[in-house]
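Hello,

Here is the structure I promised to pass on to you. Have a look at it first, and then read my notes below.

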Amino acid sequence: MIDRNLILQLLITARDTASEVVGRVGAGVRGIGDAVSAALEPLRAFGGLMSAAIGLGGAKELADRADAYTRLTNSLKVATKSEEEYLTAREAVIGIAQRAHSDLETTASLYARINQNAAAMNINQEQVVNLTELISKGMQLGGGSAEEYAGATLQLTQAFGSGVLRGEEFNSVMEASPELMKRLAAGLGVAVGELRGLAEQGVLTSTIVSQALLSQKDAIDAAYGKATQTLEQAFTQLGSKVTLFVGQLNESTGASASAGAAIKFLAENLNVVAAALGGAFVASIAKSTTAMVGYVQASLAARVAARDQA
């Protein structure tokens, strides 16, 4: 059953965002429930998300973001033993992703795998956080794409799970981030060219690799601090914040599912809404929504062009 209050709130959000009059609510919607109004208030401050949801994917965009957040939280819950540990881990992952400009879900998977094997690797909780962060930073120093970084990170998490870095996992990390492997070699006191032989011999156990990398934390932090943030990293960071926003909103209110249903309802029943709210009001919203769609499409086109030139 579609919540009429939510529909009204979405309509007001769309109109206010497009006209840059954020937060102005008409007298006709004073009866909207406080819970719905409070839950959707952040949408006014983050108009781009609402614009994209209405103009470019709607319910699917919201559902994808909510699902990404659910996968993130599930991986952390599996890797922790209590609600307190989970909340601590979640905050740690959010902080790491922000500082390292890394993908939130990829960061969570890396943290979860390291945390699950912390005892075997002989590292404490602080070292779990530090290792996750320095790997996230070190991977990106290689200059690869976010997709390459995510793939190599997955291979490394598998190596931590199996207890040794070698074979396909070694090759993937070496190719995606030679800088991280350079730091690994420095931590081991060997030349980079010797790493492959050590991997083939099974010497690069998760314990040895983790301790060697942890010894290079300061060097990796310094190198990353000198690097210039790329456009792709900026969009990754923005995407992570959107995922957090939608996921946490959905977690507390279920609003993403309701919002998606309401958007679909509006698309299919605009004539009914027009009759209920007045043609002039709906026409104003339609005009504003068209402007928003044009803005979002132009922004995406600019993003693609910037990527092509990078």
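**What I found**

Among contacts in the protein chain with a separation of 6 or more, 71% are between residues 24 or more positions apart. Please keep in mind that this is a predicted model.

For the overall picture, the protein chain has 18 helices and zero strands. It has 310 residues, of which 43% count as buried. The accessible surface of the chain is about 15,100 Å², and carbon and sulfur atoms hold 53% of that surface.

Next, the empty space inside. Rolling a probe the size of a water molecule over the atoms shows where such space is left. In this model the count comes to two cavities of 30 Å³ or more. I looked at the second largest cavity, which holds about 30 Å³ of space. Its lining is made up of Leu156, Leu165, Val173, Leu180, Met181, Leu184, Val209 and Leu213. What does that lining look like by class? It has eight nonpolar residues, with no polar and no charged ones. Two helices, α11 (178–188) and α13 (206–214), each supply at least two residues of this lining. The most comes from α11, which gives three residues.

Helix α13 deserves a visit of its own while you are there. Its buried residues are Ser206, Val209, Ser210, Ala212, Leu213 and Leu214. Two names in that list, Val209 and Leu213, also appear in the lining of the second largest cavity. And what do the buried residues of α13 pack against? Their partners are α7 (118–121), α8 (125–140), α9, α11 and α14 (217–226).

Three single residues are also good places to stop.

Start with Thr80, in the loop between α4 (59–79) and α5 (83–100). Is Thr80 buried or exposed? Its relative accessible area is 11%, under the 20% cut-off, so Thr80 counts as buried. The side chain of Thr80 reaches back to the backbone oxygen of Leu76, at 2.7 Å. Not counting residues up to four places away in sequence, Thr80 touches Glu85, Tyr86, Ala89 and Asn115.

Ala176 comes next, and its place is in helix α10 (residues 167–176). Ala176 counts as buried because its relative accessibility is 14%, where the cut-off is under 20%. Leaving aside neighbours within four places in sequence, Ala176 is in contact with Met139, Gly142, Gly144, Glu148 and Ala152. You can also trace the pair Ala176 and Glu147: they are 29 residues apart along the chain, and their C-alpha atoms are separated by 9.9 Å.

Last is Gln158, found in helix α9 (residues 146–162). With a relative accessible area of 34%, Gln158 is partly exposed, because that value lies between the cut-offs of 20% and 50%. Which residues does Gln158 contact, leaving aside its neighbours within four places in sequence? They are Arg113 and Glu169. Gln158 and Glu169 are 11 residues apart in sequence, and from C-alpha to C-alpha they are 7.5 Å apart in space.

If you would like a route through the model, begin at Thr80 in its loop, go on to Ala176 in α10 and Gln158 in α9, and finish at the cavity with its eight nonpolar lining residues.

Happy exploring, and best wishes

Key:
Residues numbered from 1 in each chain as written. Predicted model: local features only at pLDDT ≥ 70, side-chain atom pairs only at ≥ 80, totals over all residues. Heavy atoms only, no water. Helix = DSSP H or I, 4+ residues; strand = E, 2+ residues; numbered from the N terminus. Buried < 20%, exposed > 50% of the residue type's maximum accessible area, 1.4 Å probe, protein only. Contact = heavy atoms within 4.5 Å. 1 Å grid on protein atoms, 1.4 Å probe; cavity = no way out; pocket = protein on both sides within 12 Å on 5 of 7 lines; lining within 4 Å. Points joined across faces, edges and corners; volume = space filled by probe spheres on them. Nonpolar A, V, L, I, M, F, W, Y, C, P; charged D, E, K, R; others polar. Polar contact = N/O pair within 3.5 Å; in protein donor to acceptor, adjacent residues only side chain to side chain. Areas by Shrake-Rupley, 256 points an atom, 1.4 Å probe, with all protein chains shown as cover.
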